[in-house]
Amino acid sequence: MTDAAELKRRAAELLAAHPPAATDRLDFLRARFDAGLAWVHYPEGLGGLGAARSLQAVVDAELEAAGAPDNDPRRNGIGLGMAAPTILKYGTEEQKQRYLRPLWTGEEVWCQLFSEPGAGSDLAGLGTRAVREGDGDWVVNGQKVWTSSAHNARWAILIARTDPDVPKHAGITYFLCDMTDPGVDVRPLRQITGEAEFNEVFLTDVRIPDSRRLGAIGDGWKVAQTTLNNERVAIGGMRLPREGGMIGPVSRTWRERPELRTHDLHQRLLGLWVEAEVARLTGERLRQQLALGQPGPEGAGMKLAFARLNQEISGLEVELRGEEGLLYDDWTMRRPELVDFVGRDAGYRYLRSKGNSIEGGTSEVLLNIVAERVLGLPSEPRTDKDVAWKDLAR
Ligand SMILES: Cc1cc2nc3c(=O)[nH]c(=O)nc-3n(C[C@H](O)[C@H](O)[C@H](O)COP(=O)(O)OP(=O)(O)OC[C@H]3O[C@@H](n4cnc5c(N)ncnc54)[C@H](O)[C@@H]3O)c2cc1C
């Protein structure tokens, strides 16, 4: 297996052949992918070397120290964090070759067409229909909602109902949808922050060739589990230095602005600082587990903690800043390319973190997942398990 020394040697080779200062950014990223140094735990030929996932940090550090460009991962969080591991697990060889390289380099941004107006927590109840024309293309009709980055995306991971006559989990199929196809209509949805980071997406007679189906017909729910488990880890399990998350700005304000301090706020800040540090270290542990394979339901616990902490910490920051904390930068409609918690002001952090307990599964639903699949507690009563989707009350 490739070790740290071998990776350092390969990184040096890449840098010698493509000096960052004299190489076009995209050319460098493509060369990095081809050298297997993009995501080292991926297979050879697909941007990796089959190395341990934990060794990625060795490559990143070598390349960063040499001033090499990165692939700006925050611009393509859904692609890197969710679409890629799902394509890797379920894609055909042809699909992996076609999609993974431009996804990793950031040339093609991805979005997630899962939620619908009538199917969020109950995602398996979704109603967007994909009907196959004989042995030919699939024709998709329906509406998706809360689709982050749809306005920047070239591709989407899409789940749609292909068989309404079987119980809801069994009649879903997973597709890769070209967002530039006729019939894909993306409309902005404005959020509490004033920005439209997400969208509603209307799909009208969108034609998807069968070669863009991911996994078997009717297996879409199983394939989507890989996406959803990775989503929770991507949202809640980011690698951060100490004070790298929400706790950073409030701790800095505390140090720099002694006139704002009170005894009560001090106690609360200390408590949250400790919790943030515990969550950060738990994230490290989770990533070590990930080195052994795909994430399971444990990511739900991490995402739960992340959402609660972000909301409590940003609330404390607004309180600490007093009247100043109520100021918010700009209410004009904007279409941000990424969510930047730390680089924005306290008002943005407070408002945007409200979505953390909804996106990627609400906290209530994640508590159910932890109860049932981690702790093994009895499941909620389910009356729709054996009923055909078309016969469910709506
Ligand atoms: C910022 C943001 C970005 C998002 N990005 C995307 C995206 O890119 N792609 C995408 O597909 N979706 C996206 N979503 C949608 C998100 O996944 C859904 O909003 C979420 O799954 C909840 O679904 P819902 O909004 O339909 O709420 P509902 O499912 O209607 O839930 C309403 C309330 O009922 C509670 N509830 C529901 N069922 C249960 C239960 N069984 N037990 C206990 N309580 C329950 C919920 O916790 C919630 O409080 C995003 C959401 C946000 C906020």
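In this predicted model, the chain falls into three domains: domain 1 spans residues 1-70, domain 2 covers 110-218, and domain 3 runs over 237-374. Between domain 1 and domain 2, the C-alpha centres are separated by 34 Å.

The ligand is a natural next stop. Around the ligand there are 20 residues, and those that come nearest are Ser115, Ser121, Trp146, Thr362 and Glu364. Counted by element, helix α11 contributes the most to this shell, with three residues; this helix comprises residues 363-374. Several polar atom pairs can be picked out. The side chain of Thr362 places an N or O atom 2.7 Å from an oxygen atom of the ligand. Backbone atoms take part as well: for Trp146, a backbone N or O atom is found 2.9 Å from a ligand nitrogen atom, while a polar backbone atom of Phe114 sits 3.2 Å from a ligand oxygen atom. Taken on its own, the ligand has 970 Å² of accessible area, of which the protein covers 69%.

Helix α11 also leads to a feature on the surface. Val374 belongs to this helix, which ends at residue 374, and together with Leu375 and Leu377 it forms a nonpolar surface patch of about 280 Å². Val374 has a relative accessible area of 43%, so it is classed as partly exposed. Further along, in the segment that follows α11, lies Asp384. In contrast to the patch residue, Asp384 is classed as buried because its relative accessible area is 18%, under the 20% limit. Its side chain is engaged in a polar contact of 2.6 Å with the side chain of Lys168.

Two loop residues deserve a look for their backbone geometry. Ser149, placed in the loop that links β3 (138-145) with β4 (155-161), has a phi near 65 degrees, a positive value in a residue other than glycine. With a relative accessibility of 16%, Ser149 counts as buried. The other case is Glu243, which is not a glycine either and has a positive phi of about 60 degrees. Glu243 is located in the loop between α6 (220-236) and α7 (247-256). Its relative accessibility is 18%, so Glu243 also counts as buried.

Conventions
Residues numbered from 1 in each chain as written. Predicted model: local features only at pLDDT ≥ 70, side-chain atom pairs only at ≥ 80, totals over all residues. Heavy atoms only, no water. Patch = residues over 30% accessible without salt bridge, like charges linked within 9 Å, V, L, I, M, F, W, Y side chains within 5 Å. Areas by Shrake-Rupley, 256 points an atom, 1.4 Å probe, with all protein chains shown as cover. Salt bridge = Lys/Arg side-chain N within 4 Å of Asp/Glu carboxyl O. Helix = DSSP H or I, 4+ residues; strand = E, 2+ residues; numbered from the N terminus. Buried < 20%, exposed > 50% of the residue type's maximum accessible area, 1.4 Å probe, protein only. Domains from an automatic or database assignment. Near = heavy atom within 4 Å. Polar contact = N/O pair within 3.5 Å; in protein donor to acceptor, adjacent residues only side chain to side chain.
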